[in-house]
Structures are given as structure tokens and as C-alpha cells.
Amino acid sequence: MKNLSAFPLILLGLLLSSLAFAQKTNFTVSDAINVKSIGNTALSDDGKLLAGLISDGRARFDVDHFRFQDPSYLNVLPGEFVILDTQNGEMLYPYKEQSRVTSFSWSPNSKELAFLEQKGDKLHLMLYDTNRKRIKEIKINGNPLLANSDLTWTSDGKSILLHARNHDWLDRAMALYNEATKGPVVVYDGNKPFLKWDEIRNTNALTKVLKVNLTNGQSQEMLPEANYGGVYLSEDNQFLIFNEAFPLKTSYVRNEGTEYQVSYKELANPDSTQILYKRNEQRRNYNWSDSKAKFAWVDSGYVYVQTLGQLDSLNLTKGKAFTDEKKKKEVKFSITSWSPSENKLLLSSDKGYWLANAQGEQLEMVYEFPEDKEKAPSLNLEHWSKDENYLYFSYSEKDRWRRGFVRFDLTDRTMEDLIIDDRLYTGLQKAKHEDIVVLSLSDGDMPADLVVSDWSFAEMKPLTHLNPWLADKKMTRSELITYRNVDGKELKGILYYPVDYEEGKKYPLVCEVYETFLANGYNRNMNLFANQGYFALRPSVDLEMGYPGEAWVKGITAAINKLVDEGKVDNDKVGVQGGSYGGYATSLLITQTDRFAAAINISGKVNIISFLGDSPKIGTRNYTAAEYGQDRIGSTLWDAPLKYLATTAVLHADRIKTPHMIMTGEGDWNVPGTNSRELYYAMRRLGKDVVWVNYLNGGHGAGVASNERDFHDHWTRVFEFYEKHFNKKDKEEKDGESS
């Protein structure tokens, strides 16, 4: 006979668990605003202190979207400036109130923290002393206008390199901006080399580099005004390395229209500039060693190394590795990392990881990738141990939620699991001098918090607990589902359960569409829908270049059918929505199927033809996106006009049977509401069920990219729209019975 003595205890446990959940309250729109996160984090070199900014949803409210590209507009997002002690978890707040701070940078001895603070319409250089727990402003001589950029300490901790503006920069930049926005006459001349807004953007990118003495505020110009893509200081303080971009013309083809140059100079000699890579439209990406004493690059699949200050380079791979010995086809490499000693490099090819000696004396494969690369776990190098015996990778499987970290032993060539589970690990930062790492950790459903560990990951000590109140809220749970699209290809989707889910009961479903989804993690939208009593789904689609419009109907409907067949979802209560590209997908999708009870397009285009020139502030992006970018048409309008017609929802508005709500922001410089409204006018003309909601203070994202009042209004309208159309059939049947 089975032992049933534990059965009453199990029942009691289930009852208590149910009562505890019943006492929880729903997660509301106000709660969504209150969820906190920490960002802009910077870990000190000794790993003992971490600076960051804690903020909630209010941080992104009240942005003046109409002033995008305005050189005089400064908007550092506000938050609680915090410094965490990674050893005891103590949290220190240098300011009592919220502040607008950015660009955190620790001194070499980890005793001082430099940062930029917005005060009014200017940035100020600030210094926090960890011993005195005091902040002081560094008054820079000449009171230069600082640019929002990284701060670089000199190795002696006495000076900082930063970006600033020439004294006449603002006048020049504002003259161009005002000409384009205030006129009174604006001329767009196609014979000029740049589009007007490209000229504005190029001017806004100009800075000079100053070296500021932190004791007396004296500054020295190290680099003149130019467009810098990266400025680095060698560890020995001897050399300043800088990348420059030289725009030549507005180009509609990527990697054309701009020349790039890499140079260096002796810090002590302003006139000592040497060019490493002469101006060329072909960008060269150098991989620098930690000390910046050596650098490597790839050319035609070969790896070259060079020492800074020397003229000769060395080809590490030519004639040393072949994919086909008979045809002598050589392996093509990319660079993964320098070793700590800077005597080795980890390279990669399509076959595996390789170890190369920086002197060119050795090249061998140390780890072979699995044969089925599509299913093989993703590996990303995070750390090379100081003794150079181990490589530490972050790890993520592609067909299930198994994530974490693994260690590869370079001596015996074995891979060891350190920690792998279904949790979500992101944002890893490592200390320069100690084996200390800080990262964000989530169970996959709740907002992430920071933890600290060493490279064994045997113990991960919590550093933050930002949202303890969520323990009293009903939160969704996620599940990775698998389905096959119409072509039979296996796809993944993330399913979010209603908060009071009952097995065997059918629920409404809202799909949020974009491209491909795999990783879960806290999701505001999904929690709000789950608390409405809906399933929510983020389905993946298989987008094909040249035929983008077919993917959503082939993939999304298959995922829905699977859930309907399983008895989870009410077939008559399925909605779909998306933002930006997902909004575009939503409007296009309902021209091809009447599968949905309701559909919402949030800041998504509806006419890909008129959209080509509809976002002037971002230059040629709309053309390149259509021709070979995200829109995936793969041709110009004049080479393949029928493909543009096929993917323009407004031209097929007569086919739409789904009630449609279009939500836009008047200040959206990315996808202007003028494009989205075309579908409203078309559907209204055709007698279709359509609503257009335009937020006059909103940006890209409509009401959620506006102010707090509009945020609430946005979500209220979304919920009411779905409720109205999900319950429409029930209401009609009820009215029919009563009559």
C-alpha cells in the first residue's frame, strides 16, 4: 500500500500557495511606470565599487521629440545616481534628489569617479571622491561647451581627456538647423553633395579633444575639431590613438560616401601625428590589445599584427591553414581577442577557434564548432584568464532556455559548464585587476537585478533588489513554444500566460509581432496583457529578402492555430499589434488575412513608397532599409516597383476586414504620423472600421513615448479596443437571444 501520510501536507501547501496568489493584486499601468532598472553602470578597476543610474519609466517622459537634431537641445535622462559597494552591498546616493548624470569613469586607483552632469543646457565635469564622499565640479578654463562623450583618465590619475566644442560651433550648427526648421524659405538642392539634414548631422558630430588637469582645471587641446569615431590613450600614456570620419557626400549605398582614417600621436608632442591607415572609403577596424601597445586587423581573411610606433606588420595566417589541402584554399579568419600578455590572439573561422602566436610562429585550431551550426549553442568570449590557461564564454542554446557560462581549458582542450540553467544573464562587467564580475540576473520573467561573483560563478551574491513590491503583484510566466510555419520550417515563439490561468479554459490572445524572438525576460507589455486575462505571444517569423510581406501571415497564423488546437486560445478572440517595424507588419498582415478580431499599428509605416522620403531628419535610412536593410525588398523602387506595391498596406486597404487602430506621435522623427495616417483616410473612405489616435506630444511609440498622462491614455485605449472587439460576437449573440 502506498504511503499517503504526506498527502495532507501537499494539499495544505497547494492551498496556502493559492491563497497567497489570490492575495496579490493586478499589475497595472501605474505599476509598469514604477518598475525600476539600473543602467549606465561602470565597475571600478579593483571591482569594489559600481556606479550606476537607477530609473523608472518616468525617465523617458517629456522628451521634446520635435527638437531631434537640434544642436542646442540637451537631454540626459534623469535617475538616482548610486554607488554600490560590491563587497557588502551598501548603496550610497551622492545626490539626495534625482539628477541628470552620465559618462561614468573610474580613476586608475578606483578612488575617484568622474562623470558629466547636465545643469540647465550645459554639461559639467564632476568628480566624486570616495574617501571624502564629496562631489566637486572641475572648473575648466575658458568654460568650454562639453559634448556628451566618454571620459578617459591618464594613467597617473591627474588628468582626463574629454570632447568639447569649438567656440563658434553652436552658432554654425544652429544656423544650419534654423535654416531647415524656420526658413522662412528652405531650399533643397540635389546638386549639393549632402542632404540638408546630413549636413546638420555632420556638423553636430564635430568635436575637439581636450586634456583637462583635475587639480587646476587647465585644459590643453590635444586634437582639433573633427568627426572622431573613437579616441584611445595607451596604457603608458605615451600615445593618443584616434579614428576620424570624413563625410564626402550623401550616399544611398552603405559604406560609401565617407572616408575613414586611423592615426596616433605622442601625447607630449602635439605635432607628432602619424597616420596608421590613410583616408579610405573602406573602413579598417583595428583590434587593440589592452595596453594599446599592439593592434591587429583582418584583410581578405588574413590576420595582421603590428606594434604601435613601428612600421612593419606581420601576417599571422597566410599559408598556414587550409580548408582544402588539394586546392590550397586558405582559411579566412576574424579576430576574437588578445591574450592578457599580448603574446597570443584568439581567432575564429567558420570551423572553430584558433590560437595564434603574435610572433607568427604558431597557428592551431583549439576548438572545433559543432557540425550543425544552426543548432549549436552561441558562445561569446567574456574573459581570458590571467594565466592564459582558460577562456570564459557566455553560453546560450538556440532551441531552449539554457543559458549561462562555460570555461574552455586551453591545455587539455575541454569545455566545462560553470553555470547553465533557464535564468537570463546579461550586461556582464569585469574588474580590470581582480577576478570580480558584476552582471544582471533575471529568472526570465521578473525584472533583473545585479549580482556579483568571481569567474567560477559558484556563488552569485545579490547587489540590488530594485522592485521588492512586485512580490505582491500578479506577474505572467513565459514559455518557449515551437511551431512550424506554412513552409514547414520550425520556429520559436514566447508565450505569456494570463495571471489567473486555469487549465482547460480558453482565453483571448494578443500577438506582438516584429521579427524573431527567443530570449524572454521581464516584458512590460506582456505583463499588462496577462493582467487583462489574455494570453500574449511574441511569435517569430522567417523573413526572406525580396518577399517580406509573406512571412508574417505564414508564421504568425501557424503559431495561433497551434494554441487554438491545444485548447488554450479562443479562436474568435485573437488580436495582433506591433510597434515601428512591427506596426508596419501588423497593417500589412491584415490585408492578407481576416484571422484577427482586432489589430493595432503603433508608429508603423503603411506606405513604403511615400515612406522613402518621409523621415528627412534621418537621411537616407528609409531608402537603404527598403533596398537591402530591414524592409528586405532587395531592390530599388524603379527596379522592382511591384514588390513595393505588394508591401504597401494602403494600396490593399480594400481587402481589410479587421477593425484597426493606428497610434502615432506628432513628434515622431523616425516614422512620421503623416505616413501612418494614410491608412486611416483610406480605410475611412472605404467604410472600414478604423481609428487613428495621434499624440501631439508623442514620439516614436505614440502615447508611451510622450508624458505620463498620455502613457495611461495609450494603454486605456489599447485595452478598450481589444475588449470591444473580443466581446463583439458574444454581445451580438446575447442581443440575438434577448430579442
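**Strand pairing and nonpolar cores in the predicted model**

In this predicted model, strands β30 and β31 form a hairpin in which four residues lie between them, and Arg413, located in the turn, has a positive phi of about 60 degrees. The two strands of this hairpin, β30 and β31 (residues 414-421), run antiparallel and are joined by seven bridges, with Phe405 standing opposite Ile419 in β31. Strand β30 also pairs with β29 (residues 390-396), to which it is joined by seven bridges, again in an antiparallel arrangement. Within this second pairing, Tyr392 stands opposite Arg407 in β30, and the hairpin that joins β29 to β30 passes through six residues. Of the seven residues that make up β30 (residues 403-409), six are buried, so this strand is largely enclosed by the rest of the structure.

Attention now turns to the nonpolar cores. In soluble globular proteins, nonpolar side chains tend to be buried together. The largest nonpolar core of the model has 51 residues, and those with the most contacts inside it are Leu509, Trp552 and Ile556. Both strands and helices contribute to this core, since at least two residues are supplied by each of β37 (478-484), β38 (490-496), β39 (507-512), β40 (535-539), α6 (548-565), β41 (569-579), α7 (581-589) and α10 (673-685). The largest share, nine residues, comes from α6. A second core, separate from the one just described, has 35 residues and includes Phe529, Ala536, Ala598 and Ala702.

The surroundings of Trp552 can be described in further detail. When residues up to four places away in sequence are not counted, Trp552 touches Tyr514, Val541, Leu543 and Thr557, and it also touches Tyr581, Tyr584, Ala585, Leu588 and Leu589. Trp552 belongs to the part of α6 that meets α7, for in this contact Gly549, Trp552, Val553 and Ile556 of α6 meet Tyr581, Tyr584, Ala585, Leu588 and Leu589 of α7. The residues that form this contact of α6 with α7 divide into eight that are nonpolar, one that is polar and none that is charged.

As for the geometry of this helix pair, α6 and α7 pack at an angle of about 75 degrees, and their axes are 9 Å apart. Because angles of 65 to 115 degrees count as roughly perpendicular, this angle makes α6 roughly perpendicular to α7.

Conventions: Residues are numbered from 1 along each chain as its sequence is written. This is a predicted model: local features need pLDDT of at least 70, side-chain atom pairs count only at pLDDT 80 or more; totals for chains, interfaces and linings use all residues. Side-chain values use heavy atoms; hydrogens and water are left out. A nonpolar core is a set of buried Ala, Val, Leu, Ile, Met, Phe, Trp, Tyr and Cys residues joined through side-chain atoms within 4.5 Å. Buried means under 20% relative accessible area, exposed over 50%, partly exposed in between (1.4 Å probe, protein chains only). Contact means heavy atoms within 4.5 Å. Axes are lines fitted to C-alpha atoms, for helices over the stretch in contact, and angles run from 0 to 180 degrees between N-to-C directions. Angles under 35 degrees count as roughly parallel, over 145 as roughly antiparallel, 65 to 115 as roughly perpendicular and the rest as oblique. Ala, Val, Leu, Ile, Met, Phe, Trp, Tyr, Cys and Pro count as nonpolar, Asp, Glu, Lys and Arg as charged, and the others, Gly among them, as polar. Two strands pair if DSSP finds at least two bridges between them.
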